[in-house]
Amino acid sequence: MLEVRNLTLKIGKHKIFKNLSFSANYGELLLIKGSSGSGKSSLLQVINQIIPNVLDGEVEGQVLIDGEEINGMEIPQLSPKLAYMMQDSETQLCTFNVKDELLFGMENLRMSKEAMDERLDFVINLFNLHEIINEQLTSLSGGQMQKVAFASLVAINPDIYLLDEPTANLDPATTNEILNIVNLLVKKYGKMVIIVEHKIDDILPFVD
C-alpha cells in the first residue's frame, strides 16, 4: 500500500498543503479533486519525489510504499514501482515515433527483448495503437499524444500510477476509452491509481 503521513509542502513563503494524510491499496482507484491551484498536481509530484528532487519545495512528513519510506529516494529508484503522467503529457515524450516511445522506458529498465516484445504487443492492443504505431510523434493529435504517453507508462508495468488529468482536452469517446483502461488496470490487474481529474461525472463511477 501507499501511505501519506502528515505531509506538508511549502514553496517559497506559501504552504500549498498542510498535515495531509491518506492511504491507498493495490486494486484501488483514488480521486483527488479540488479547484485549480489547490495543490493537486504538487501532491502527486511530492509522492513521486519530483518535489524536491527536481522542483523546489520544502517537504515535511512521510510517504511510504509497502512500509518503506521513499522520502529522499531518487526518481530512477522509484520508476519501476511508480509511474507519473504529467498534466501536459506531451512534455514527457522523449523520442520521435510511437514505437520508440513505447520501448524507451522498457529499454531504460533493461528489460529482456522477449519481455519488451510482450509488453509492446499488450499496450498496442490495450490502447488500440495499431494504426499509429509507426507514426512520428509530431504528426499526432493532442489526444493521440496523451494515449501514447499513458501507454508508455503501462508498458513498464509499474504497481502504482499517478495520473494528472489524463483526459484533459480529450473528446468524450476518448475520455471514456482512457477511463475504461484505468479501471481495467485497477480491477483486473490489481494496480493502484491515484488520479487528478476535473471531469468528475465521468470518473466517479470508477472511483473507490
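Here is a short chat about a sheet, two helices and one loop residue in a predicted model.

Trainee: What makes strand 7 and strand 8 a pair?

Mentor: The cut-off is at least two bridges between the strands. Strand 7 (residues 160-164) and strand 8 (residues 192-196) have 5 bridges in the parallel sense, so they count as paired. One of the partnerships is Y161 with V193 in strand 8.

Trainee: And what order do the 4 strands of the open sheet take?

Mentor: They go 3-8-7-6, with parallel pairing. On average, neighbouring strands are turned by 15° against each other, ignoring direction.

Trainee: Why are strand 3 and strand 6 said to stand at the edges?

Mentor: Strand 3 (29-32) and strand 6 (82-85) each have a single partner strand, so one side of each has no neighbour in the sheet.

Trainee: Which strands do helix 6 and helix 7 lie across?

Mentor: Helix 6 (residues 142-155) lies across strand 6 and strand 7, at about 175° to strand 6. Helix 7 (residues 172-187) lies across strand 3, strand 7 and strand 8, and its angle to strand 8 is about 150°.

Trainee: Now N48, in the loop between helix 1 (40-47) and helix 2 (50-53). How do you know whether N48 is buried or exposed?

Mentor: Buried means under 20% relative accessible area. N48 comes in at 5% relative accessibility, so N48 counts as buried.

Trainee: What is N48 in contact with, leaving aside neighbours within four places in sequence?

Mentor: The contacts of N48 are then I75, L78, L82, Y84 and L162.

Terms used: Residues are numbered from 1 along each chain as its sequence is written. This is a predicted model: local features need pLDDT of at least 70, side-chain atom pairs count only at pLDDT 80 or more; totals for chains, interfaces and linings use all residues. Side-chain values use heavy atoms; hydrogens and water are left out. Helices (H or I, at least four residues) and strands (E, at least two) are DSSP runs, numbered from the N terminus. Axes are lines fitted to C-alpha atoms, for helices over the stretch in contact, and angles run from 0 to 180 degrees between N-to-C directions. Contact means heavy atoms within 4.5 Å. Buried means under 20% relative accessible area, exposed over 50%, partly exposed in between (1.4 Å probe, protein chains only).
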